[in-house]
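Welcome, and take a moment to turn the model around before reading on. We will walk through it step by step.

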Amino acid sequence: MTSLRQYDSLLEASRHIARTRRDFLRTAAGMALGSTLLPSSAWARPAPAQSKRKIIVITFGGGARDQETFAPEGQENIPHLMGELLPRSAFFTQVVNRGILGHYVATASLATGVYETINNFASLPPEHPTIFEYFRKDLRRPSSDAWVVAPSNGFNRIGESSYRSYGPGSGARVILPKHLLAAAAQKHADYEYLLRDNYETPYYAPELQGGEFELRQLEDILKVSVDDFKAHARTLSSPDELSVYIVRQLMRQVAPSLLWITMHDIDVAHAGAYSLYIEGIQRTDRLCAELWNAIQKEPEYAGRTTLFILPDFGRDSDEDEGGNGFQHHRTGDVLSRTTWMLALGAGVREGVVYDRPVDSRDLVPTLGAMLDFSTSQAQGKPIQELM
Amino acid sequence: MLPTDLKPESFRAYPPEAKTLVENYVGSLRRLPLSFIPSLLREVIDYDFKFPAERRSLEQELANWSSLSEGTGKQWVEGFAHISLSPQLEKLDWVNRPAQFVEQLSAYLWTTHQLDAFRKAAMDYADRLHTAVPTEPPPVPRLGITVLGQKAEGHGRPLFRKLRPHGAYYSRLKPEGGLHELLDAIDDRAKKHPIAYGHWYIDGGEAAEHSSAVTCVSYKALEPTRAVLLRKVRAEKDKPGMGPEALRTLLAQMSPAELGFGKEADPVLERFQVKLLTEGSGTQVFSTTFAQWAAREVLRRAQPVTLLVRFAPRAKPTNDLLSANQDQAEMDPAGALVDADFGAYYNWLNQQRLSGAEKSAFLVWFEDHGEALAIGPGVPRGTESTQAANLKDVLSWIT
């Protein structure tokens with residue numbers, strides 16, 4: 001049994017993790033080892049004009065470990081990522097999150113490029129400008145061009161920050177599919193399994209404040225009747241399937257240029273049932289492939305979209321006696337802080353593995369550089385391999 | 001209040017045995033940093049309800065700290081001394097509410113990016129303590145047994161994958177009477193080596209017949225307690241001002257009497273069972289989570305020499321988590337088998353964290369089937385056997 005206590009530093013342990021995964025991917029998937037010396041444009045899919053380019057970010061959440069995803073023993077859980085998406089991707093083997101490992105605050109950190117310190121369980125906006133606010137302000141885009149589809153009530157403020165000169169009205173519109181379904185359904189008992197707000201505090205859901213998506217907009221914007229929505233929801237097996245259904249409608253009817261989807265089924269791990277955690281990963285894997293295929297089929301997205309898939313963070317290591325393995329993300333150990341990222345589509349070099357450490361705060365400046373807008377308050381750096 | 005202000009009377013509200021214990025060490029406790037001392041007092045305040053093994057550990061830790069010179073003591077807690085705390089934390093009643101302090105400290109460490117520094121300080125301290133006060137070997141080599149797959153017809157993925165590199169896999173055992181053989185074996189050990197809270201049987205369903213020499217906890221027996229707990233949570237969660245932290249604090253403060261205990265004469269075991277349900281995540285709703293978490297806590301706290309854990313089917317997750325009728329939900333034996341297979345790995349990992357690991361033995365069996373895996377000092381690792389033996393034979397080979 002390898003003990004992580006032998007490592008002297010977070011960085012060294014992260015490198016070890018990346019080395020293990022990179023070596024496997026190179027041999028099993030025939031992927032090339034990338035280098036920061038090679039600009040991605042040498043072999044990249046052509047990027048469209050920036051005004052037409054679209055970006056979709058999927059957080060593969062909440063909290064997935066290497067050993068159940070890209071580590072050799074976990075790859076059977078992600079056949080779609082391995083077989084369909086990885087060969088088309090630039091794969092970053094170590095994305096390190098040094099912030100707070102709570103889903104809302106970590107997702108907010110991903111969206112601002114700053115390690116946010118807001119209360120994970122309170123209904124509060126991020127304290128720094130979000131990617132959506134930068135995007136809209138600099139590129140003068142309307143509110144219909146930036147959307148977030150998020151899993152639980154606690155995410156309803158993620159679309160815009162409390163930062164002076166940004167804030168209310170300047171960010172993304174946020175859809176909370178569960179909230180929408182709760183409003184549409186007369187009897188919650190019929191949809192109980194789709195309405196569970198979160199898994200970390202399953203007995204408590206924060207009250208909604210701020211600009212949640214109104215039910216009437218279901219028909220006005222998504223062009224779905226309440227009855228059709230309820231009928232379709234009955235055919236679904238999880239909250240993330242509901243989110244993807246909403247995303248498909250949004251892509252078809254609104255076609256926003258910046259779309260952020262936060263998956264959350266995997267976080268059922270907090271209930272301690274390993275089979276449910278694995279099912280969550282398998283479902284998220286399938287849903288990511290579905291969204292990639294949807295991108296290829298939708299005229300507004302095909303050939304002009306760059307897709308990013310990354311977990312918000314990992315989960316506790318089996319070896320850390322302070323935790324209980326996959327169940328939680330409370331120890332702050334190296335494995336819980338180190339994850340991965342797939343980038344694929346327009347402007348991205350395919351089939352390449354990059355094993356240098358990337359900071360989770362780098363996502364926002366990278367998206368800013370890709371779409372040519374400023375992300376002045378973000379603390380990360382653009383990922384050069386994607387430029 | 002700061003640690004330097006501690007006086008014997010500061011602990012007047014502590015339970016009697018805890019009070020007596022801590023009053024002997026007030027002088028040395030004054031030398032501990034505030035970032036550290038509530039974690040220690042959180043253990044001290046529960047001293048009256050602790051198992052013998054954890055009482056010993058706590059007594060040794062306090063005695064060790066007291067024996068250190070001022071200079072050496074400073075070195076031991078140097079990392080903690082560098083942790084900065086907020087004025088709000090300093091104002092908390094950390095003497096009488098150490099658990100609440102630790103919970104708020106944890107949130108504060110995350111938000112101020114001091115978690116890694118605190119973690120390193122804690123690991124350094126634990127390493128020094130283990131060196132200075134080595135844990136005693138158990139009086140008899142430990143035996144862990146996990147029984148899984150009750151009512152499961154088969155499995156899609158090979159069983160015991162995480163454990164196979166560490167032991168021998170048996171594919172053709174005779175399953176008839178297997179559970180009784182295992183229960184007889186733990187009863188025999190309990191009678192031969194009478195140790196208070198040294199031999200345990202945890203059942204994720206209804207406990208099978210067993211000797212009174214074995215301490216038993218079962219999910220079924222706690223059904224009324226779980227129902228009371230869920231009713232209380234349902235009543236409290238929508239009250240004004242309630243949030244996740246407040247709800248967690250409320251759960252942590254629930255007493256055995258509030259949850260319907262009090263008829264049995266074992267307050268230590270009652271308190272332990274309450275903590276399983278109020279501090280464990282998912283233990284109230286999934287029997288597999290209950291069994292795994294109970295095993296973890298038994299190993300961590302009671303440090304038993306014998307532990308049999310039997311997993312049972314769990315409810316499907318499509319029902320209301322707050323329903324008091326969890327046990328009437330549709331069951332998922334196949335899912336429970338996957339849960340328990342990984343749970344068995346955790347049971348083994350947690351057993352190996354205890355003293356005497358090199359001599360410990362472990363057996364995991366697919367109930368009513370011929371598959372099992374054995375780990376022990378003389379068992380060749382990563383091997384397979386098609387020998388037609390029974391579980392009693394396998395146990396005799398590893399113990």
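The paragraphs below look at how two chains meet and then at some charged pairs.

Keep in mind that this is a predicted model. Let us begin where chain B touches chain A: 43 residues of chain B and 49 residues of chain A take part in the contact. Together the two chains bury about 3800 Å², and 53% of that area is on carbon and sulfur atoms. There are also 19 residue pairs in polar contact across this interface. On the side of chain B, helix 15 of chain B gives the largest share, seven residues. Sorted by class, that side has 19 nonpolar, 11 polar and 13 charged residues.

Side chains of opposite charge can pair when their charged atoms come close. Between chain B and chain A the count is four salt bridges. One of them joins A:Asp320 to B:Arg119, with the closest N and O atoms 2.7 Å apart.

Over all chains, the whole structure has 32 salt bridges. In one of these, A:Arg356 meets A:Glu385 at 2.7 Å, N to O. A:Arg356 sits in the loop between strand 9 and strand 10 of chain A, while A:Glu385 is in the segment after helix 12 of chain A, so the pair ties together parts 29 residues apart in sequence. A:Arg356 is partly exposed, at 28% relative accessible area, whereas A:Glu385 is buried, at 3%.

Now find helix 9 of chain B, where B:Lys120 and B:Asp124 lie four residues apart, about one turn of the helix. Their salt bridge brings N and O atoms to 2.9 Å. B:Lys120 is exposed, at 52% relative accessibility, and B:Asp124 is partly exposed, at 32%.

Methods:
Residues are numbered from 1 along each chain as its sequence is written. Chains are lettered from A and ligands numbered from 1 in the order in which they are written. This is a predicted model: local features need pLDDT of at least 70, side-chain atom pairs count only at pLDDT 80 or more; totals for chains, interfaces and linings use all residues. Side-chain values use heavy atoms; hydrogens and water are left out. Contact means heavy atoms within 4.5 Å. Buried area is the accessible area (1.4 Å probe) that two parts lose on being put together, summed over both. A salt bridge is a side-chain nitrogen of Lys or Arg within 4 Å of a carboxyl oxygen of Asp or Glu. A polar contact is a pair of N or O atoms within 3.5 Å; within protein, one must be able to donate a hydrogen and the other to accept it, and residues adjacent in sequence count only if both atoms are side-chain atoms. Helices (H or I, at least four residues) and strands (E, at least two) are DSSP runs, numbered from the N terminus. Ala, Val, Leu, Ile, Met, Phe, Trp, Tyr, Cys and Pro count as nonpolar, Asp, Glu, Lys and Arg as charged, and the others, Gly among them, as polar. Buried means under 20% relative accessible area, exposed over 50%, partly exposed in between (1.4 Å probe, protein chains only).
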